[in-house]
Amino acid sequence: PIPCVPWQSQTSGQYQRRVHGREVLTVNVGQAGIQLGNAVWMQYCAEHKINKDGTLAEEDGDRYFTTFYEETGAGQYVPRNITVDLEPTVVDDVRTGDYAQMFHPEFLLNGKEDAANNFARGHYTVGKEILDQVNDRLRKLVDNSQNVQGFIIHHAVGGGTGSGLGALILERIAVDYRKKSKIGYEIYPSPKISTCIVEPYNAMLTTHWLLDHTVVLDCPR
């Protein structure tokens, strides 16, 4: 059962029941993973009536969405989310986009050079250099939560960052938070639409790691 505690509405003064759910942390990795994650957060905001700056469009008694959002002292709701890429272009789009005020800049991470559609670069060399930053931000998100239920990761498996760094992050989460659920939303390459000849190899290598480190794999089409 989800614990409920009475709380007093600031607008009506009446006591209602406020739900303290179990938090879910999200990680968006690579260009496709970040774009997928942005679409998901747009949908969350639409469903829970949250403005682009993180404020509530309508005040009501339900706070079920705090599973995915953290409330600040100013009454703003910030996604429990980390966005990471090995090159800055896509992350800069988030920093300057319509929802820029909603995301905390500390959890928008990027490197200086991409993985060049190479699993090994994302997993063993370039990706490994940014892993400590990701772990540090993950630890902060966990510390700011009451009871983390699990992790969601958005990434593609055909490129270099989403495949190599995505598998590396999942491996670290599996070690540090092995009792927590891990759900992956993977974008797999299509045989009819391919941007890189090595996509099948990246996907195969990543899937090998995903089978060991995720509880559920969901492949959006």
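Strand 3 (residues 23-29) and strand 6 (residues 81-85) run parallel and are joined by 4 bridges. Helices (H or I, at least four residues) and strands (E, at least two) are DSSP runs, numbered from the N terminus; two strands pair if DSSP finds at least two bridges between them. The model is predicted, with local features needing pLDDT of at least 70 and side-chain atom pairs counting only at pLDDT 80 or more, while totals for chains, interfaces and linings use all residues. Residues are numbered from 1 along each chain as its sequence is written, and side-chain values use heavy atoms, with hydrogens and water left out.

**The sheet**

- An open sheet is formed by 6 strands in the order 7-6-3-8-9-10, with parallel pairing.
- Strand 7 (108-110) and strand 10 (216-218) are the edge strands, each pairing on one side only.
- From one strand to the next the twist averages 15°, where axes are lines fitted to C-alpha atoms and angles run from 0 to 180 degrees between N-to-C directions.

**Pairing inside the sheet**

- Strand 3 also pairs with strand 8, in the parallel sense, over 6 bridges.
- Valine 27 stands opposite isoleucine 82 in strand 6 and opposite isoleucine 153 in strand 8.
- Threonine 26 has asparagine 81 of strand 6 opposite.
- Strand 8 (residues 148-156) runs parallel to strand 9, and 7 bridges join them.
- Isoleucine 153 has glycine 184 as its bridge partner in strand 9.

**Burial of the strands**

- In strand 3, 7 of 7 residues are buried (under 20% relative accessible area; exposed is over 50% and partly exposed in between, with a 1.4 Å probe and protein chains only).
- One side of strand 3 carries Glu23, Leu25, Val27 and Val29, the other Val24, Thr26 and Asn28, and both faces are covered.
- In strand 9 (residues 181-187), Lys182, Gly184 and Glu186 make up the covered face, whereas Ser181, Ile183, Tyr185 and Ile187 make up the uncovered one.

**Helix 3**

- Helix 3 (residues 119-143) has 25 residues, and its end C-alpha atoms are only 31 Å apart, short of the 36 Å of a straight helix (1.5 Å times one less than the number of residues).
- A kink of about 75° is centred on glycine 127, the bend being the angle between axes fitted to the seven residues ending at a residue and the seven starting there.
- At the start of helix 3, a side-chain oxygen of asparagine 118 comes to within 2.8 Å of the backbone nitrogen of alanine 120.

**Cysteines**

- The count of disulfides is 0, a disulfide being a pair of cysteine sulfur atoms within 2.5 Å.
- Cysteine 45 is buried at 3% relative accessible area, and cysteine 196 is buried at 14%.

Conventions:
A polar contact is a pair of N or O atoms within 3.5 Å; within protein, one must be able to donate a hydrogen and the other to accept it, and residues adjacent in sequence count only if both atoms are side-chain atoms.
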